Each structure stands twice: as structure tokens, then as C-alpha cells.
There are 2 protein chains.
Amino acid sequence: MLDAITLTEAYNVSSLSDQAWISPPMNPELFKVACSNCNLRELCMPVGLQQAEMVKLDSVVSTRKRIKEGSHLFSHGDPFTTLYAIRTGYFKTSVLSEDGREQVTGFQMAGEIIGMDGIVSDQHHCNAIALEDAEVCVMPFENVEELSREFPVLQRHVHKIMSREIVRENGVMMLLGNMRAEERLAAFLLNLVQRLHARGFSQTEFVLRMTREEIGSYLGMKLETVSRTFSKFSEEGIIEVKQRNVKILNPDALKNIFTPQSCG
Amino acid sequence: MLDAITLTEAYNVSSLSDQAWISPPMNPELFKVACSNCNLRELCMPVGLQQAEMVKLDSVVSTRKRIKEGSHLFSHGDPFTTLYAIRTGYFKTSVLSEDGREQVTGFQMAGEIIGMDGIVSDQHHCNAIALEDAEVCVMPFENVEELSREFPVLQRHVHKIMSREIVRENGVMMLLGNMRAEERLAAFLLNLVQRLHARGFSQTEFVLRMTREEIGSYLGMKLETVSRTFSKFSEEGIIEVKQRNVKILNPDALKNIFTPQSCG
DNA sequence: TTCATTGTTTGATGTACATCAAAGAGCTTG
DNA sequence: CAAGCTCTTTGATGTACATCAAACAATGAA
């Protein structure tokens, strides 16, 4: 049954198409490198722009870039010059401790912006690695700042994106500092499915693009514990798992694990 | 011996004065509300500004505000309108889970900017609570954005501050996800002392402004574990602890705990 | 096809830290 | 100065998760 899950089953929401997800890597020459006719613009770009403004904003993006699965978009220590908007594919960002322990700091998908860790010291602090073949829009930070000065709405948008990242990380700190393994995984799955849904995919079925170990690193637990927790949810009939295919059978139960009701 | 620690022992570095730390709350009317003659400006404001530019930037700050120990500068859900630069005093920021667990997300001191969590959704996501009587500069975000459009150097500065926060939180994720209790506390103490040193205080002695419980919340451990770990460091001669007074006797040992050398 | 590799699952055992509990230290208040 | 806070320390015990280990599944190369 879960074998039947395919990305093409995802349905569309608003004007976002799932094209970007199911089509093979496109030849960038075939498509105008422009935000104004990008089907992800509602995720990357401020909303409510006039067409004319949008066209002016096209110049934030200089080029596109392909990244093969497993390779780095940027690495710790690389000079920072640009932000990236993910067009297709999936990334993880991570930091390494001195003695080589990896902490995954996030998983990013289409429409999300990465690279902001590099601004503070003009070099990247994280590694960004493609979890599948990916394509990103290169947005030189100079361009972003220049256009931000011209368009208050873009300026605010940039601030919001950075603030969102700060708030997201606050949430991860809560997970890591206060939650138990089951709560962490439940929160993770709910977050993932919610973001996928916003991109036009199913609310219930999806394919994990990361290993148990990467999930574990993100959630501060070992891969065995991730696996066991998946199995537990599965035994309880909350989810159906087959390798990386996940189907959420009882979202309310998941939410209940994540936010246990005080029984008062 | 540790009884002798007083803030007046702190020595000065560069042009930063410790005045702000030791003087009783000042009457705001006595001092011009201006960044251009603030002794913390090197922490809050971009460096390398001309005097004339600096004077123009004075208008980011609208007023100052006093916050009594234990009270909120802002709370989760409050409408966001302004950032705050801490002039004197100490804050903690925290988030609460649905069932009331607190996660301290940071401790902030003079010269640091707080409130950026509110930008993304126009309302605050954290609570900011004064750990001692404090004074902040109120910087309406409208002003910040307006002047940012005018001064690229301020614009870049704002971006750097937000990026720094993102990177800091990455580090906390590493602590929470991968480090053991001793490593966490060692990292915490080293970070604290480094920031205090940048403000003109001793590299070795300081007074904790937060409880064991708050430290524990930040570091994802229970107050008893914090206490035990302090005791352990103390027994090993690495630090001297008497209540909230801490003296670092062997900083290298602390660093070694934090970043264990691979014995290859 | 077989073999190797990589990722996943599951079981047995160990441990770092949490929890429970109680005493002590430093304050504030009357 | 005693009474009553809050915060801290320390000990005894419990447990959630890590670690170690081995089998299994999926994928891709030879």
C-alpha cells in the first residue's frame, strides 16, 4: 500500500505547482531566470508586489546552480557572497564540532532561503549538503541589499526570513532541551508534513529524504532511537513506515504526543 | 577570597567603560539619548562611522526604558514594534511549551540587541525577562528600517546582528544535541567570560546573574546536574564556585572539556 | 545473478542524567 | 534574631536513551 506512494499523488494548493518536484533537472537555459514567472515566488518573495516591481526584483537572482546529491552547496569556512533560494531538491545544513561530531541544524526544501549563517563573518558557518539532486537560485547578497534599500517590502521580507530562522531555531532548542524522543519525532514529522502541504503535497504521505542518522542528529538522538520510535508509532497505528515512506494515519495522535494535554 | 569579587574590580578595555555596570540607575534626563556619545556604541552600532553619520543614527533610538528585575521587557504574543539595545542589566529570553515547560533561549547583556524574534509575525515569540534592574534603548523597528535604507553600513550591521543570532543558536543546537553535561557547562562558562571580557570585565572572575535552574534550562539539564557539575569542576580545581560567584582557575582545562582533543 | 555497500531494524546491556528527598546557605521581613 | 523565603548542594534511586551487536533489506556494481 505504501508502495503506491508517489510524488505525483501530491495535489496542488493555490498556484504552487508540484512540477518542480517531479520533473527531471531542467536545462536552465530553457527557463528565464526570473522570479516574476517562477512558480515558487510566493514562497521566496514578498507577496503583494505589482508585476512591475516583481520584474525589477528579478535582478536579485544572478544565475542558477545545480548541486548533485551528496555534494556541498557551501561549506564551513567558505567565503560568503550570496544567499540561495532552493528551486528543487532538498538540503541539510549542519555544523561540526572540533572533534568531528555533526549536528544537523536544519532540513530545507523548495522555496526556502539558505546561506544566512554567512553574513555575520563573511564566511559560512554551516555546511549545506544536497540530499538529492537540486537546483538553487543564486542571489548575491550585494544585490539583495541594494534592492532592499530600494524596496521596503523586500527589505521587510529579508528581515522576516532571518527572523523566521531565529524563531525556528528557538523551537529546535525547545525540542532538544525539554522534549523526549517521541515528542521530538512527532514534532519533526508534523513540521515536515506541514511544510510539504504548503507546497502542494499530501498532508498524510511523504518520502523522507534523509537517513535515520540525519534525523537523529537534528533531533539530538541516535539513529537506533529514531528507528525504535518510528516502530513504536507504527505499532500504535499512528503512522505507517516502510523505509523512507511515511504515511500519517492518525495526525491527532501525533499532535497529542507533541503537545500532551494537561489532564486538568 | 571569592567574597572579594566585586564588579569594581573589572578593568577596562579599549574605550568601553564599566560605568554602565556599576553606577546606580541613572536619571535618563541627565544623559542625552544618543548613540553618538554612548559608551556602548561599539557593541551596538556599526564601527567606522563618521561623527556626522553617527549623529544621524541617533534617531534610531526613540527613548529609554527601565525594567525592574524579574519583570518582562516583552512577552510571547506581544505586538512587535521595536528592537531593544541593552544599556545596563541582564536579560534572559525564553519560550514556553504548551504544557508549560520553559526553555531559556539565551542570556543577553549590555550592548546586545533583543527583540528580533518578533519581526517574522509582528508579534513576539519569546519572553524577555530582566535578571536584574535594567535599562534598554528603544529602537522602533520602523526607524531601524528607514535608516537602514539610507545607510548601507547600518543595513549590513542589522543583517549581521541577525545572522550572529542564527549562528549562536546553531552553536546551542550543537551543545544540546551532541554534548554531555560537562561540555555544556564548560562551553557556557567560556562563552560568558568571553563576552564579559569584551565588555571590560575580568577574564577569570564573574558573578552569575541567573539561577542554576535557568542555566539548566538553557543547557538542557536539570538544576541538580548543573550544581553537581559545578561541584565537580570545583573539586578538580578548574573553577572556584561560591554561590553565584565564579572564578576560573584553569581556563585551559575548561577548553579541554569543551573541545576534547582526539588523542591521535 | 552474486557480492558489496549502505541503511534499517531489533535485542541485550550499560550509563548519563533525571527524579526524589532532605539538609544547608543566604536573603528578606517582621 | 528568628521565621520564612528561595536557591543550592548532596545523596539514593530510577529511567530514558546510548551503546554494542547482529541480522535484515535495499541498492548498485561486477
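Here are legends for six close-up views of a predicted model.

**View 1. Chain A as a whole: helices, strands and plenty of long-range contacts.** Let's get our bearings before zooming in. Chain A has nine helices and 11 strands. Out of its 264 residues, 56% are buried. If you take the contacts in chain A between residues at least 6 apart in sequence, 73% of them link residues at least 24 apart.

**View 2. The two copies, chain A and chain B, and the axis that relates them.** Two copies of a chain are related by a rotation about an axis and a shift along it. Here, a turn of 180 degrees with a shift of 0.0 Å along the axis lays chain A on chain B, and the RMSD is 0.0 Å. That's how a two-fold axis relates its copies. Which residue of chain A comes closest to the rotation axis? Look for A:Arg149, whose C-alpha is 2.1 Å away from the axis. As for the interface, 100% of the interface residues of chain A are interface residues in chain B too, so the copies meet through the same surface.

**View 3. Strand β4 of chain A, with a pairing partner in β5 and another in β7.** Strand β4 covers residues 91-96 of chain A, and five of its six residues are buried. One partner is strand β5 (residues 102-108), which pairs with β4(A) in the antiparallel sense over six bridges. To find your place in that pairing, start at A:Lys92 and go across to its bridge partner in β5(A), A:Phe107. The two strands make a hairpin with five residues between them. In the turn sits A:Gly100, with a positive phi of about 90 degrees. Strand β7 (residues 127-130) of chain A also pairs with β4(A), again antiparallel, over four bridges. There, A:Phe91 has A:Ala130 in β7(A) as its bridge partner.

**View 4. A:Phe188 and the nonpolar cores.** The largest nonpolar core has 104 residues, and the members touching the most others are A:Phe188 and B:Phe188. What does A:Phe188 touch, once residues up to four places away in sequence are set aside? The list runs to A:Phe107, A:Leu208, A:Met210, A:Ile215, A:Tyr218 and A:Leu219. Apart from this core lies another one of 50 residues, including A:Met139, A:Val144, B:Ile113 and B:Val144. You've met A:Phe107 already, as the bridge partner of A:Lys92.

**View 5. A:Arg212 in helix α7 and what it reaches.** A:Arg212 belongs to helix α7 of chain A, which spans residues 212-219. Its side chain gets to the backbone oxygen of A:Gln243 at 2.8 Å. Beyond neighbours within four places in sequence, A:Arg212 is in contact with A:Leu223, A:Val226, A:Phe230, A:Val241 and A:Gln243. Now check A:Lys222: this residue is 10 residues from A:Arg212 along the chain, and their C-alpha atoms are 8.3 Å apart.

**View 6. Cysteines without a disulfide.** How many disulfides turn up in a search of the whole structure? Zero, over all chains. Why is A:Cys44 not bonded to A:Cys38? Their sulfurs are 6.1 Å apart, and although A:Cys38 holds the closest cysteine sulfur, that's too far for a bond. Chain B tells a matching story: the sulfur of B:Cys44 has its closest cysteine sulfur in B:Cys38, 6.1 Å away and too far for a bond. A:Cys44 counts as buried because its relative accessibility is 11%, and B:Cys44 is buried as well, at 13%.

Methods. Residues are numbered from 1 along each chain as its sequence is written. Chains are lettered from A and ligands numbered from 1 in the order in which they are written. This is a predicted model: local features need pLDDT of at least 70, side-chain atom pairs count only at pLDDT 80 or more; totals for chains, interfaces and linings use all residues. Side-chain values use heavy atoms; hydrogens and water are left out. Contact means heavy atoms within 4.5 Å. A polar contact is a pair of N or O atoms within 3.5 Å; within protein, one must be able to donate a hydrogen and the other to accept it, and residues adjacent in sequence count only if both atoms are side-chain atoms. A disulfide is a pair of cysteine sulfur atoms within 2.5 Å. Buried means under 20% relative accessible area, exposed over 50%, partly exposed in between (1.4 Å probe, protein chains only). A nonpolar core is a set of buried Ala, Val, Leu, Ile, Met, Phe, Trp, Tyr and Cys residues joined through side-chain atoms within 4.5 Å. Copies are superposed by least squares on the C-alpha atoms of residues with pLDDT of at least 70 in both. Two strands pair if DSSP finds at least two bridges between them.
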